[in-house]
Amino acid sequence: MTTTTLHFTRPPTPHPETELWQVADVEALFALPFMELVFRAAEVHRQFFDPNKVQLSTLLSIKTGGCSEDCGYCPQSVHHDTAVADEPMLSCDEVVAKARQAKAAGAGRFCMGAAWRGPKDADLERTLAMIADVKALGLETCATFGLLADGQAERLKAAGLDYYNHNLDTAPDKYGDIISTRAYEDRLDTLGKVRAAGLNVCCGGIVGLDETRPDRAALICQLANLDPQPESVPINNLVKVDGTPLSDAEEIDWTEFVRAVAVARLTMPKSYIRLSAGRRAMPEAMQALCFLAGANSVFYGDKLLTTGNPDVTADRALMAKLDLQPL
Ligand code: SF4
């Protein structure tokens, strides 16, 4: 009888002295031959996760448009002239009804997004009952409400929030080209508050913002150097929306997106890497390659805040074809 020895690539490690990732090391991962990169990422993926399981999150905009920030990719900013109409905050009953539908469709986590620079205390107060009621349905809860003031993360946690999403978006040096109304440090400050309150961190970024590969490496380096690393890392491909400054951004090649997923998996081996915005435009074979390269979470449901997402029927069919099971 012959025995088979499985060979596993060790996850790459940060710099031995600083224990921090260096941008050059992350760039070197990006530069690996494509097949080698995907193979290594797939090996690392299965050391920490069942590669046949995918986490499903549904995202709902609970307050749309009218945001005072000027994020260059976002149709909800008051600085950009887009087709997105402002809408007041949904009622608690409306949010809970959507959460119930998401759970019935198979989602395990329900994410609530609000277009704010950060929540005023009165606004935050209104979200607390929503969080508690969604949690009571047996769903994991996530919120993305912008910058948090002192004490707000603790109130969210006490209401039953499991995750707080706050993306770093892009590389530190690129940030000023995309957003002028806040600084990178502001984002890091909120991430620190979220951690200090005992919440899980969901933090990722966007590719396709006319950034360079070194910018992409610098973004992933920042994410991988968060201590502890984020539990959830959304990797978004820019959805170009008319009226936003990035509506004519240059398309990145699909292989570069897969590389970003694989490098995120290699540098953050224990994090859920979420295939996020832009998935509707991705062919099924590309999505399958992303799952092979270590993506193990998706947004599930036909809308992402204000832009489109694959419908649930198409996602169920794709998961069946790939023998993927929801977590
Ligand atoms: S991404 Fe968020 S913070 Fe930026 S403009 Fe859009 S809603 Fe506002």
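**Reading a predicted model, feature by feature**

Mentor: Let us begin with Arg109, which is found in strand 2, the run of residues 109-114. Please keep in mind throughout that this is a predicted model.

Trainee: Is Arg109 buried or exposed?

Mentor: The idea is to look at the relative accessible area, where a value under 20% means buried. Arg109 has a relative accessibility of 3%, and therefore it counts as buried. You can also compare separation along the chain with separation in space: Arg109 and Ala314 are 205 residues apart in sequence, while their C-alpha atoms are 19 Å apart.

Trainee: Which residues surround the ligand?

Mentor: To read such a shell, we name the residues around the molecule and then sort them by character. Here the ligand is surrounded by Cys67, Glu69, Cys71, Tyr73, Cys74, Ser77, Ala115, Trp116 and Arg182. When these residues of the shell are sorted, six are nonpolar, one is polar and two are charged.

Trainee: Where does the ligand sit?

Mentor: The ligand sits in the largest cavity. A database record can then be set beside the structure: an unreviewed UniProt entry gives the annotation "binding site" to Cys67, Cys71 and Cys74. Cys67, Cys71 and Cys74 from this set are part of the lining of the largest cavity. If we take Cys71 as an example, we find it in the loop between strand 1 (53-63) and helix 3 (92-105), and Cys71 is buried, because its relative accessible area is 9%.

Trainee: What does UniProt list for residues 52-279?

Mentor: The unreviewed entry lists this span as "domain: Radical SAM core". In the model, residues 52-279 are 36% helix and 18% strand, and the C-alpha atoms at the two ends of the span lie 19 Å apart.

Trainee: How many disulfides does the structure hold?

Mentor: For a disulfide, we look for two cysteine sulfur atoms within 2.5 Å of each other. The structure holds zero disulfides. Cys92 is one example of a cysteine in no disulfide, since the nearest cysteine sulfur, which belongs to Cys111, is 17 Å away. Cys92 is partly exposed, with a relative accessible area of 21%.

Trainee: Why is Cys203 not in a bond with Cys202?

Mentor: The closest cysteine sulfur to that of Cys203 is in Cys202, and because the two are 7.6 Å apart, they are too far from each other for a bond. Cys203 counts as buried, because its relative accessibility is 0%.

Trainee: What is the phi of Asp210, and where does this residue lie?

Mentor: When reading backbone angles, we look at the sign of phi and at whether the residue is a glycine. Asp210 is a residue other than glycine with a positive phi, near 65°, and it lies in the loop between strand 6 (205-207) and helix 8. With a relative accessibility of 40%, Asp210 counts as partly exposed.

A further case is Asp323, which is not a glycine and yet has a positive phi of about 55°. Asp323 is placed in the loop between helix 11 (312-321) and strand 12 (325-326), and it counts as exposed, because its relative accessibility is 55%.

Trainee: Which residues does a cis peptide bond join?

Mentor: For this feature we read the angle omega across the peptide bond. Asp227 and Pro228 are joined by a cis peptide bond, with omega at about 0°. To find the place in the structure, look for Pro228 in the loop between helix 8 (213-224) and strand 7 (232-237).

Methods:
Residues are numbered from 1 along each chain as its sequence is written. This is a predicted model: local features need pLDDT of at least 70, side-chain atom pairs count only at pLDDT 80 or more; totals for chains, interfaces and linings use all residues. Side-chain values use heavy atoms; hydrogens and water are left out. A residue is near a molecule or strand if one of its heavy atoms lies within 4 Å of it. On a 1 Å grid over the protein atoms alone, a cavity is a set of points where a 1.4 Å probe fits but cannot get out, and a pocket is an open set with protein on both sides within 12 Å along at least five of seven lines; lining residues have an atom within 4 Å of a point. A molecule sits in a cavity or pocket if more than half of its atoms lie within 2 Å of its grid points. Ala, Val, Leu, Ile, Met, Phe, Trp, Tyr, Cys and Pro count as nonpolar, Asp, Glu, Lys and Arg as charged, and the others, Gly among them, as polar. UniProt positions are given in the numbering used here, feature names are shortened, and annotations may be inferred rather than shown by experiment. Helices (H or I, at least four residues) and strands (E, at least two) are DSSP runs, numbered from the N terminus. Buried means under 20% relative accessible area, exposed over 50%, partly exposed in between (1.4 Å probe, protein chains only).
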